[in-house]
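User: Hi! Could you walk me through this structure in plain words?
Analyst: Happy to, here it is.
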Amino acid sequence: MQPLSDILDEYEFLEPDDRYRLLIELGRALEPMPEALKTDATLVRGCSASVWVYPTRRDDGTLHFLADSNAAITKGIIALVLSAVQDQSPAAILATDVPAALAPFDLAKQLSSNRTQGIPNMIALIRHEAERYAG
């Protein structure tokens, strides 16, 4: 997964249609999430599309998230969110201001409110999992 700063470097130079395509490509690049993990417990509430996020704890204590969505652009959005926190310690995830990290992408301007309404819920679920593992 690309660092968020690298994605932003590319994103800033793209036209709106190409930005949309970049998000879709980010979603396609997510590692596959097994169907068995797509449960009510891993479902992100409040998204216009179905989004699932599942944390795994690595041997070094970092959290690695698997994610998927039934909508291509939403899958790209969760990939973008994960780029800000993937493979970090629970404490580092909790210290990350994900909305501020995503602010330069100006997703509310690029996408419909339908597409972006679930982003705070995606972030909240990730923070909740980090809190669970931190404690």
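Analyst: We can talk about a helix, a pocket and a few single residues.

User: Anything to know before we start?
Analyst: Yes: this is a predicted model, where local features need pLDDT of at least 70 and side-chain atom pairs count only at pLDDT 80 or more, while totals for chains, interfaces and linings use all residues. Residues are numbered from 1 along each chain as its sequence is written, and side-chain values use heavy atoms, leaving out hydrogens and water.

User: Cool. Which residues of helix 8 are buried?
Analyst: They are Ile119, Met122, Ile123, Leu125, Ile126, Glu129 and Ala130. Buried means under 20% relative accessible area, exposed means over 50%, and partly exposed is in between, using a 1.4 Å probe and protein chains only. Helices (H or I, at least four residues) and strands (E, at least two) are DSSP runs, numbered from the N terminus.

User: And where do those buried residues fall, seen down the axis of helix 8?
Analyst: They fall within an arc of 160°, so they line one face of the helix. That arc is taken from the directions from the helix axis to the C-beta atoms. An α-helix has 3.6 residues a turn, so residues three or four places apart point the same way.

User: What about His128, which also belongs to helix 8?
Analyst: His128 has 45% relative accessibility, so it counts as partly exposed. Its C-alpha atom is separated by 14 Å from that of Asp97, and the two residues are 31 apart along the chain.

User: Switching topic: what volume does the largest pocket have?
Analyst: About 220 Å³. On a 1 Å grid over the protein atoms alone, a pocket is an open set of points where a 1.4 Å probe fits, with protein on both sides within 12 Å along at least five of seven lines; lining residues have an atom within 4 Å of a point. Grid points are joined across faces, edges and corners, and the volume is the space filled by probe spheres set on the points.

User: How many residues line the largest pocket?
Analyst: There are 15, and Met1, Gln2, Leu26, Ala29 and Leu30 lie nearest its centre. The largest share of the lining, 4 residues, comes from helix 2.

User: Last one: where is Asp87 found?
Analyst: Asp87 is in the loop between helix 3 and helix 4 (90-95). Its phi is positive, about 60°, although Asp87 is not a glycine. With 32% relative accessibility, Asp87 counts as partly exposed.
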